[in-house]
Amino acid sequence: MGKEKIAITLDKRSIGELDRLVEENVFQNRSQAIQEAVAEKLQRLKKTRLLSESAKLNPAFERELAKKDSLRT
């Protein structure tokens, strides 16, 4: 997958934390730290959305659908 350069603005405290993590070799550079943070946040949002949608399901209705489906096969 290709990458694209973007510009972001962060407060000085966040930049200081990023730089500390880079200095401690947690990340190779600021870019890697931000890439991983964004990827993690997107993954969490997907999981939250899935949990939210799953909560809308009616267990009794889903069981009935499963029974009907198993009778067809």
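Is E24 buried, partly exposed or exposed? With a relative accessible area of 48%, E24 is partly exposed. The points below set that residue in its surroundings. Please keep in mind throughout that this is a predicted model.

1. Overall fold. The protein chain has three helices and zero strands. Read from the N terminus, the order of elements is α-α-α. The radius of gyration is 22 Å, and the globule rule gives 11 Å for 73 residues, so the protein chain is more spread out than a compact globule. Along the principal axes, the C-alpha atoms fill a box of roughly 60 × 25 × 25 Å.

2. Burial and surface. Of the 73 residues in the protein chain, buried ones make up 4%. The exposed area of the protein chain is about 7100 Å². Carbon and sulfur atoms supply 56% of that area.

3. Charge. The protein chain carries 16 positive and 12 negative charges. The mean position of the positive charges lies 5 Å from that of the negative charges.

4. Salt bridges, in general. Side chains of opposite charge can pair when their charged atoms come close. In this model the count comes to four salt bridges. Points 5 to 7 take up some of them.

5. R20 with E17. The side chains of R20 and E17 form a salt bridge, at 2.9 Å from N to O. Both residues belong to helix α1. They sit three residues apart, about one turn of the helix. R20 has a relative accessible area of 34%, so it is partly exposed. E17 is at 39% relative accessibility and therefore also counts as partly exposed. The class runs from 20% to 50%, and both values fall inside it.

6. R20 with E24. R20 has a salt bridge to E24 as well. Here the closest N and O atoms are 3.1 Å apart. Salt bridges that share partners thus link E17, R20 and E24 in one network. R20 is the partner in both pairs, with E17 and with E24. E24, the residue of the opening question, is partly exposed.

7. R30 with D19. A salt bridge also joins the side chains of R30 and D19, at 2.7 Å from N to O. This pair links distant parts of the chain. R30 is in helix α2, D19 is in helix α1, and eleven residues separate them. R30 is at 41% relative accessibility, so it counts as partly exposed. D19 has a relative accessible area of 25%, so it is partly exposed too.

8. The loop between α1 and α2. N25 lies in this loop. N25 has a positive phi of about 60°, although it is not a glycine. Is N25 buried or exposed? At 67% relative accessibility, N25 counts as exposed, because the cut-off for that class is over 50%. A reader looking at the backbone here may want to check the phi of N25 in the model.

9. A nonpolar patch ahead of α1. Which residues make the nonpolar surface patch of about 290 Å²? They are I6, I8 and L10. I8 is found in the segment before α1, and that helix spans 12-23. I8 has 46% relative accessibility, so it counts as partly exposed.

10. Helix α2: S54. Helix α2 covers residues 30-55, and S54 lies in it. S54 has a relative accessible area of 35%, so it is partly exposed. How far apart in space are S54 and S14? Their C-alpha atoms are 35 Å apart, with the two positions 40 residues apart in sequence numbering.

11. Helix α2: L42. L42 is in helix α2 as well. At 47% relative accessibility, L42 counts as partly exposed. From L42 to L65 the C-alpha distance is 32 Å. In sequence these two are 23 residues apart.

12. Summing up. The chain has three helices and zero strands. The protein chain is more spread out than a compact globule. Buried residues make up 4% of it. One salt-bridge network joins E17, R20 and E24, and the R30 and D19 pair links helix α2 with helix α1.

Definitions and conventions
Residues are numbered from 1 along each chain as its sequence is written. This is a predicted model: local features need pLDDT of at least 70, side-chain atom pairs count only at pLDDT 80 or more; totals for chains, interfaces and linings use all residues. Side-chain values use heavy atoms; hydrogens and water are left out. Helices (H or I, at least four residues) and strands (E, at least two) are DSSP runs, numbered from the N terminus. The radius of gyration is taken over C-alpha atoms; the globule rule is 2.2 Å times the number of residues to the power 0.38. Buried means under 20% relative accessible area, exposed over 50%, partly exposed in between (1.4 Å probe, protein chains only). Accessible areas come from the Shrake-Rupley method with a 1.4 Å probe; for residues, only the protein chains shown count as cover. Lys and Arg count as positive and Asp and Glu as negative; His and the chain ends are not counted. The place of a charge is taken as NZ of Lys, CZ of Arg, CG of Asp or CD of Glu. Patches are made of residues with over 30% relative accessible area and no salt bridge: like charges are joined within 9 Å, nonpolar side chains (Val, Leu, Ile, Met, Phe, Trp, Tyr) within 5 Å.
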